[in-house]
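Student: I should like to take a close look at a single part of this model and then follow its contacts outward. Please examine the structure below with me.

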Amino acid sequence: MSTSAVPSVLFVCVHNAGRSQMAAAFLTHLGGDRVQVRSAGSAPASAVNPAVVEAMKEAGIDISAEIPKVLTTEAVQSSDVVITMGCGDACPYFPGKRYLDWQLDDPAGQGVAAVRPIRDEIERRIRGLLAELGIEAVA
């Protein structure tokens, strides 16, 4: 863990337009200010997937203003937990960080109906992560 009392989590996927955006939004929503959240992509898209935005809106979370961000070494270094979602070898490795790889379907090119089960699985995993971090979900 970092020296601060608030754990930091980084979610990484290739385009930072779907899975990592949903995960970051759920962790922010459920963890509040008790966790620091980042997301990034090894090859960021120009915008968040519209089907992902719609699916998250159905869950009561608005991510329409989010913008895909590029993965930086600094983001990894300043995170306690790094969760990859299909970025492969593009993720830098630093000793002492906790790395998790979540195998999840890619919502790219999918409609809202296909994104919903991915969204729901991400929410389930985020709730489990919060429990592991000793943080009670606010919702």
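How many of the 13 residues of α1 are buried?

Tutor: The model is a predicted one, and the description that follows should be read accordingly. In α1, 11 of the 13 residues are buried, so that the helix is mostly covered. They are Arg-19, Ser-20, Gln-21, Met-22, Ala-23, Ala-24, Ala-25, Phe-26, Leu-27, Leu-30 and Gly-31. The buried residues of α1 pack against two strands, β1 and β2 (36-41), and against two helices, α2 and α4. The length of α1 agrees with expectation: its end C-alpha atoms lie 18 Å apart, and 13 residues at 1.5 Å a residue should span 18 Å. Gly-32 follows α1 and has a positive phi, near 60°.

Before α1, the loop that comes from β1 contains Asn-16. This residue is not a glycine, yet Asn-16 has a positive phi of about 50°. Asn-16 is also buried, with a relative accessible area of 0%.

Among the partners of α1, consider α2 next. The buried residues of α2 are Ala-51, Val-52, Val-53, Ala-55 and Met-56, and their cover includes α1 and α4. The N-terminal end of α2 is capped by Asn-49, which places a side-chain oxygen 2.8 Å from the backbone nitrogen of Ala-51. Just after α2, Gly-60 adopts a positive phi of about 85°.

The other helical partner is α4, which comprises residues 112-133. Its 22 residues reach 30 Å from first C-alpha to last, close to the 32 Å expected at 1.5 Å a residue. Val-115, Ile-118, Arg-119, Ile-122, Ile-126, Leu-129, Leu-130 and Leu-133 are the residues of α4 that are buried. Viewed down the axis of α4, these buried residues fall within an arc of 120°, and therefore line one face of the helix. On the other side of α4, the exposed residues are Ala-113, Arg-124 and Ala-131. The cover over the buried residues of α4 includes the helices α1 (19-31) and α2 (50-58), together with the strands β1 (8-13), β3 (81-84) and β4 (98-101). Just beyond α4, Gly-134 takes a positive phi of about 75°.

These elements come together in the nonpolar interior. In soluble globular proteins, nonpolar side chains tend to be buried together. Here the largest nonpolar core has 32 residues, and Val-9, Phe-11 and Ile-126 have the most contacts inside it. The elements that contribute two or more residues to this core are β1, α1, α2, β3 and α4. Apart from this core lies another, of eight residues, including Leu-10, Leu-71, Val-76 and Phe-94.

Leu-71, one of the residues of that other core, is placed in the loop between α2 and α3 (73-77). Its relative accessible area is 15%, and since buried means under 20%, Leu-71 counts as buried. The C-alpha atom of Leu-71 is separated by 9.8 Å from that of His-15, although the two residues are 56 residues apart along the chain.

Strand β1, a partner of α1, deserves a closer look through two of its residues. Phe-11 forms an aromatic pair with Trp-102; the pair is tilted, with 6.1 Å centre to centre and 50° between the planes. Both Phe-11 and Trp-102 are buried. Phe-11 lies in β1 and Trp-102 in the loop between β4 and α4, so the pair ties together parts that are 91 residues apart in sequence.

Ser-8 also belongs to β1, and at 1% relative accessibility Ser-8 is buried. The side chain of Ser-8 makes a polar contact of 3.3 Å with that of Gln-36 and another, of 2.4 Å, with the side chain of Arg-38. Leaving aside residues up to four places away in sequence, Ser-8 touches Gln-36, Arg-38, Ser-78, Ser-79, Asp-80 and Val-81.

To return to the part in question, α1 is mostly covered, and its buried residues pack against β1, β2, α2 and α4. Of these partners, β1, α2 and α4 each give two or more residues to the largest nonpolar core, as does α1.

Note on methods:
Residues are numbered from 1 along each chain as its sequence is written. This is a predicted model: local features need pLDDT of at least 70, side-chain atom pairs count only at pLDDT 80 or more; totals for chains, interfaces and linings use all residues. Side-chain values use heavy atoms; hydrogens and water are left out. Helices (H or I, at least four residues) and strands (E, at least two) are DSSP runs, numbered from the N terminus. The expected span of a helix is 1.5 Å times one less than its number of residues. Buried means under 20% relative accessible area, exposed over 50%, partly exposed in between (1.4 Å probe, protein chains only). The arc is that of the directions from the helix axis to the C-beta atoms. Contact means heavy atoms within 4.5 Å. Rings of Phe, Tyr and Trp (its six-membered ring) pair if their centres lie within 6.5 Å; planes under 30 degrees apart count as stacked, over 60 as edge-to-face and the rest as tilted. A polar contact is a pair of N or O atoms within 3.5 Å; within protein, one must be able to donate a hydrogen and the other to accept it, and residues adjacent in sequence count only if both atoms are side-chain atoms. A nonpolar core is a set of buried Ala, Val, Leu, Ile, Met, Phe, Trp, Tyr and Cys residues joined through side-chain atoms within 4.5 Å.
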